[in-house]
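Me: I'm new to this structure and would like some help reading it. Could we go through it one feature at a time?

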Amino acid sequence: MAKPMLKSSEDTVAEAAPKPRATVTAVEMGARQREISVSEFFTKNRHLLGFDNPRKALLTCVKEAVDNALDACEEAGILPEVEVKLEVASDEKTPPAPSQATRFRVTVIDYGPGIVRQQIPKIFAKLLYGSKFHRLRMSRGQQGIGISAAGMYAQLTTGKPVQIISRTSAKSPAHYFEVQIDTKKNEPRIFENKQIEWESHRGTQVTLEIDGRYQKGRASVDEYLEQVAIANPHVKLVYHTPDGETKEYPRTIQELPPQPREIKPHPYGIEFGIMLRMLHDTKSHTVAGFLSSDFSRVSPAVAQQICKTAKLSPDAKPRNVHGAPAEALYKAIQATKIMAPPSNCISPIGEKAILHGLYKQIKGEFYTAVTRPPAVYRGNPFVIEAGLAYGNAPGQAADPEHPKAPLAEGESHDEDEELARVIRYANRVPLLYQQSACATFKAVLETSWRNYGVAQSRGALPAGPMFVFVHMASVWVPFTSESKEAIADYDEIRKEIKLALQECGRRLGVFLRRREHAKSEFRRRNIFELYIEEVVEACNRLKGGKLPKEKLKQQLQKIALKRTGGEKVDALLGKKKSPEGLPDSIIVTPEGVEGDAPALPGDERSEAAPAVEAPPAQEALIDVELSKAPKALKGKAAPKKGPRAKRSGKKNPAKVNAAAAKQMSLGFDKAGAKKKKKK
Ligand SMILES: Nc1ncnc2c1ncn2[C@@H]1O[C@H](COP(=O)(O)OP(=O)(O)O)[C@@H](O)[C@H]1O
Ligand SMILES: [Mg+2]
């Protein structure tokens with residue numbers, strides 16, 4: 001049969017083109033058509049996984065291993081402690097300097113739950129293998145590609161296998177493995193598998209040898225770890241740099257964030273094809289049972305109602321529903337009113353913790369943070385959080401490493417070329433690449449910062465010494481690619497980000513206006529004081545020299561002080577030094593526009609205020625139905641109008657902050673961490 005057909009097709013070709021070029025027949029093409037394994041695909045397309053250049057590859061390897069370590073510890077209920085070690089790998093006697101080196105050994109150790117022996121090869125040497133893909137629960141990893149892709153990159157660039165040590169308890173032995181991927185089959189090849197002695201009682205150590213480049217600055221491993229520390233104050237991080245330095249990021253919250261719960265998919269977010277597959281795979285025997293047990297927020301009553309709308313028997317067998325009835329069922333689901341998904345599957349960082357993280361890692365004068373109520377995109381619940389750190393650190397002007405003029409005198413604002421920096425997070429993981437493709441960045445650009453007293457050119461970032469923090473927490477973060485660098489631009493997501501940024505902006509505006517007002521009051525007071533001397537002298541002359549001059553002077557000075565905003569002005573302007581010699585830091589909490597650095601449970605460094613017993617409101621899982629989500633944050637902080645120092649009467653004036661004095665952290669461009677020092 002095939003032959004004549006083939007012949008006729010050849011004839012047609014010959015007729016159409018008198019001078020035939022070398023052509024390929026369907027049979028020949030067919031002979032070449034074969035399956036492509038995921039590993040082969042990603043070997044060729046490694047840029048999709050974040051391995052496009054050596055510098056980024058180094059970061060991606062660290063990131064995948066650290067993300068896994070943190071996920072594993074949190075899921076097992078263990079306070080995470082992670083050690084990252086970067087070493088130059090070289091066969092030469094004198095290894096090159098880290099900045100010149102092209103090959104590195106990356107080691108990441110956690111003291112988490114460990115991995116059972118049988119799973120180790122598959123986890124580290126099989127793409128698309130993991131525990132997180134098939135469930136809807138907030139976690140850093142989701143695709144099951146991360147660490148195995150890093151291993152594949154190592155194999156591709158240096159030919160070295162991934163080395164793993166893992167131990168699940170003090171009673172069981174530690175196992176050592178060396179594995180690589182068989183890219184044709186996407187299956188692990190085991191080179192070494194033995195029991196070893198390991199000092200650690202529990203945990204996992206991964207070592208990868210890769211082609212990479214080490215360079216500090218933007219989007220570096222150093223920056224990534226600094227940003228991890230900001231958004232994860234419950235994590236202890238130790239980082240051994242290739243230069244031989246050890247940076248330590250101590251834990252400042254001694255409690256794990258609440259465990260996010262796993263949820264079932266919400267019917268509104270499901271695509272038709274997925275529903276068909278679910279109908280086929282379900283364990284339920286009836287359609288009504290399927291609806292109420294495989295989806296979230298579908299009660300038996302709602303299931304009956306959906307069946308009625310779809311004109312389908314509730315007792316029909318799910319497997320028999322396809323074609324037109326399935327379509328009717330899908331439409332009926334969309335037409336039925338169903339409660340929004342529960343949000344206890346998300347564990348946001350929380351305002352206090354963000355404030356604390358920003359305050360610890362970034363020097364500035366003003367900090368604020370906002371956690372939005374949960375919202376939904378495509379049936380997936382999510383929470384947006386935003387934060388701001390504004391201003392130059394007191395004394396930074398004198399720092400030779402920061403020759404930039406301080407923003408002390410109001411007018412320097414507009415001339416300042418420096419643009420704000422956006423730090424982005426998804427499920428507590430810093431995103432360092434593809435900023436302009438990210439919904440968070442677009443939302444920052446779209447926010448009218450001028451309304452809040454911050455300069456901004458059209459279509460540009462706001463200007464000024466400012467860090468903008470944005471976090472999206474969700475059961476499924478819609479990344480624009482597998483390398484998880486940017487959040488896709490869903491309208492619902494962008495709207496939420498903007499609302500959070502606007503609230504932060506409003507609070508910043510209050511702070512800036514108030515400071516401006518304080519400055520003008522201070523100038524006024526200086527003028528009064530010049531005249532007081534004269535006035536006292538004149539009065540004394542009128543009274544024939546019998547006036548108690550000192551008393552009058554004091555009284556007049558008191559009036560001048562009172563009329564020009566009192567001591568609060570001094571405090572706002574940082575004129576009054578704290579005992580430790582640091583001018584005041586002003587920190588804004590949701591409760592008002594003034595406040596201390598938040599005291600967090602177990603924070604040994606903030607001894608001033610009584611510790612808050614538990615991470616407050618939003619750290620506790622937000623367990624409200626979305627439809628009834630609290631609007632609590634709105635307007636609470638921003639005064640109605642004309643913010644004056646006077647308004648703050650009830651609350652603490654921006655007061656000397658003991659914790660501020662202890663603040664050891666530096667700006668981002670400097671090392672953000674405390675150098676290791678034994679106390
Ligand atoms: N350090 C670790 N400790 C315990 N389990 C781990 C560790 N690293 C990886 N795993 C397990 O291996 C799986 C695969 O990891 P990975 O390839 O990074 O994919 P993903 O994190 O997206 O699930 C994870 O889902 C987790 O179950
Ligand atoms: Mg992972």
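Me: What share of the 679 residues in the chain is buried?

Reply: Keep in mind that this is a predicted model. Buried residues account for 43% of the chain's 679 residues.

Me: And how many helices and strands does the chain have?

Reply: The count is 18 helices and 16 strands.

Me: What share of the contacts joins residues at least 24 apart?

Reply: Start with contacts between residues at least 6 apart in sequence; of those, 72% join residues at least 24 apart.

Me: Let's turn to helix packing. How do I read the way α9 and α10 pack?

Reply: The general idea is that two packed helices are described by the angle between their axes and the distance between the axes. Here, α9 covers residues 287-294 and α10 covers residues 300-309; their angle is about 130°, and the axes are 9 Å apart. Because of that angle, α9 is oblique to α10. The crossing of α9 past α10 is right-handed.

Me: Which residues make that contact?

Reply: From α9 you have V287, A288, L291 and S292, while α10 brings P300, A303, Q304, I306 and C307. Sorted by class, the residues of this contact are 7 nonpolar and 2 polar, with no charged ones.

Me: There's a ligand too. How many residues surround ligand 1, and which are the closest?

Reply: Ligand 1 is surrounded by 21 residues, and the closest are N68, A72, G130, G141 and G146.

Me: Which helix gives the most to that shell?

Reply: That's α4, with 4 residues. Both α4 (54-75) and α6 (146-157) supply at least two residues each to the shell around ligand 1.

Me: How does the shell divide by class?

Reply: Around ligand 1 there are 7 nonpolar, 11 polar and 3 charged residues.

Me: Can we finish with a single residue? Where is Y330?

Reply: Look in helix α11, residues 324-335, and you'll find Y330 there.

Me: Why does Y330 count as partly exposed?

Reply: A residue needs 20 or more other C-beta atoms within 10 Å to be buried, and 12 or fewer to be exposed. Y330 has 18 C-beta neighbours inside 10 Å, so Y330 counts as partly exposed.

Me: Which residues is Y330 in contact with, leaving aside neighbours within four places in sequence?

Reply: Those are F272 and M275. You can also check Y330 against P267: they are 63 residues apart in sequence, yet their C-alpha atoms are 9.0 Å apart in space.

Terms used. Residues are numbered from 1 along each chain as its sequence is written. Chains are lettered from A and ligands numbered from 1 in the order in which they are written. This is a predicted model: local features need pLDDT of at least 70, side-chain atom pairs count only at pLDDT 80 or more; totals for chains, interfaces and linings use all residues. Two residues are in contact if their C-beta atoms, placed from the backbone, lie within 7 Å. Axes are lines fitted to C-alpha atoms, for helices over the stretch in contact, and angles run from 0 to 180 degrees between N-to-C directions. Angles under 35 degrees count as roughly parallel, over 145 as roughly antiparallel, 65 to 115 as roughly perpendicular and the rest as oblique. A crossing is left-handed if the near helix is turned anticlockwise from the far one by less than a right angle, and right-handed if clockwise. Ala, Val, Leu, Ile, Met, Phe, Trp, Tyr, Cys and Pro count as nonpolar, Asp, Glu, Lys and Arg as charged, and the others, Gly among them, as polar. A residue is near a molecule or strand if its C-beta atom, placed from the backbone, lies within 6 Å of it.
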